[in-house]
Amino acid sequence: MRIDKFLKNSRIIKRRQVAKEACENGRVLINGSTAKAGSVVEEGDIIEIAFGNSKLKVKVTGLIEGAKKSTAEEMYEVIDG
């Protein structure tokens with residue numbers, strides 16, 4: 001699954017366009033490498049996102065295509081943030 005779609009489906013970022021812009025501005029890392037909007041995410045990957053002065057670090061635990069609000073949190077586990 002693309003990183004921009006993952007961030008939207010998991011509800012970490014509310015809109016896909018905002019997730020895409022975060023990637024383009026170098027604020028999203030996958031396993032320590034800068035992610036592009038089309039970068040592929042797999043289970044077990046570590047994603048770091050910079051939100052202004054704070055950072056969020058999560059581990060991908062599942063990839064759900066049409067995640068509902070109730071199942072979105074099953075897609076990741078917060079490590080730090």
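Q: Let's start with asparagine 25: where does this residue sit?
A: In this predicted model, you'll find asparagine 25 in the loop that links helix 2 and strand 1.

Q: Why is asparagine 25 called exposed?
A: The label exposed needs a relative accessible area over 50%. Asparagine 25 comes in at 57%, so it clears that cut-off.

Q: How far is asparagine 25 from valine 78, in sequence and in space?
A: In sequence they're 53 residues apart, and in space 22 Å, going from C-alpha to C-alpha.

Q: What about glycine 26: why is this residue called partly exposed?
A: Glycine 26 is also placed in the loop between helix 2 and strand 1. Its relative accessibility is 37%. Partly exposed covers what lies between the 20% limit for buried and the 50% limit for exposed, so glycine 26 gets the middle label. If you want its position relative to lysine 57, the two C-alphas are 15 Å apart, with a sequence separation of 31 residues.

Q: And glutamine 17: which element holds it, and what makes it partly exposed?
A: Glutamine 17 belongs to helix 2, residues 16-24. With a relative accessible area of 45%, it counts as partly exposed, because exposed would take a value over 50%. Its C-alpha lies 7.9 Å from that of aspartate 4, and the pair is 13 residues apart along the sequence.

Q: What makes the phi of arginine 11 worth a look?
A: Arginine 11 isn't a glycine, yet its phi is positive, at about 65°. Most residues other than glycine have a negative phi. You can look for arginine 11 in the loop between helix 1 and helix 2. Its relative accessible area is 41%, so it's partly exposed.

Q: What about the phi of asparagine 31?
A: Asparagine 31 has a positive phi too, about 50°, without being a glycine. It's in the loop between strand 1 and strand 2 (33-34). At 47% relative accessible area, asparagine 31 is called partly exposed, because that value isn't over 50%.

Q: How do you know which label leucine 63 gets: buried, exposed or partly exposed?
A: Set its value against the limits: buried needs a value under 20%, and leucine 63 has 35%, so it ends up as partly exposed. Leucine 63 is in the loop between strand 4 and strand 5 (76-80).

Q: Which residues does leucine 63 touch, and how far off is isoleucine 47?
A: Skipping neighbours within four places in sequence, leucine 63 contacts Met1, Phe6, Val41, Glu42, Glu43 and Met75. Isoleucine 47 is 16 residues away in sequence and 14 Å away in space, C-alpha to C-alpha.

Q: What makes a group of residues a nonpolar core here, and how many does the largest one have?
A: Members must be buried nonpolar residues joined through side-chain atoms within 4.5 Å. The largest such set has 22 residues, and those with the most contacts inside it are Ile3, Phe6, Leu7, Ile12, Val28, Ile47 and Ile49. Helix 1 (3-9), helix 2, strand 1 (28-30), strand 3 (46-51) and strand 4 (54-60) each put in at least two residues. In soluble globular proteins, nonpolar side chains tend to be buried together.

Q: Which residues does isoleucine 49 contact?
A: With neighbours within four places in sequence left out, isoleucine 49 has contacts to Leu7, Ile12, Arg27, Val28, Ser54, Lys55 and Leu56.

Q: How do you know whether the radius of gyration of the chain agrees with a compact globule?
A: For 81 residues, a compact globule would be near 12 Å; the chain has 11 Å, so it agrees. The C-alpha trace spans about 30 × 25 × 20 Å along its principal axes.

Q: What does the rest of the chain look like in numbers?
A: There are 2 helices and 5 strands, in the order α-α-β-β-β-β-β from the N terminus. Of the 81 residues, 36% are buried. The exposed surface is about 5,000 Å², with 45% of it from carbon and sulfur atoms. As for charges, the mean positions of the 15 positive and 12 negative ones are 7 Å apart.

Key
Residues are numbered from 1 along each chain as its sequence is written. This is a predicted model: local features need pLDDT of at least 70, side-chain atom pairs count only at pLDDT 80 or more; totals for chains, interfaces and linings use all residues. Side-chain values use heavy atoms; hydrogens and water are left out. Helices (H or I, at least four residues) and strands (E, at least two) are DSSP runs, numbered from the N terminus. The radius of gyration is taken over C-alpha atoms; the globule rule is 2.2 Å times the number of residues to the power 0.38. Buried means under 20% relative accessible area, exposed over 50%, partly exposed in between (1.4 Å probe, protein chains only). Accessible areas come from the Shrake-Rupley method with a 1.4 Å probe; for residues, only the protein chains shown count as cover. Lys and Arg count as positive and Asp and Glu as negative; His and the chain ends are not counted. The place of a charge is taken as NZ of Lys, CZ of Arg, CG of Asp or CD of Glu. Contact means heavy atoms within 4.5 Å.
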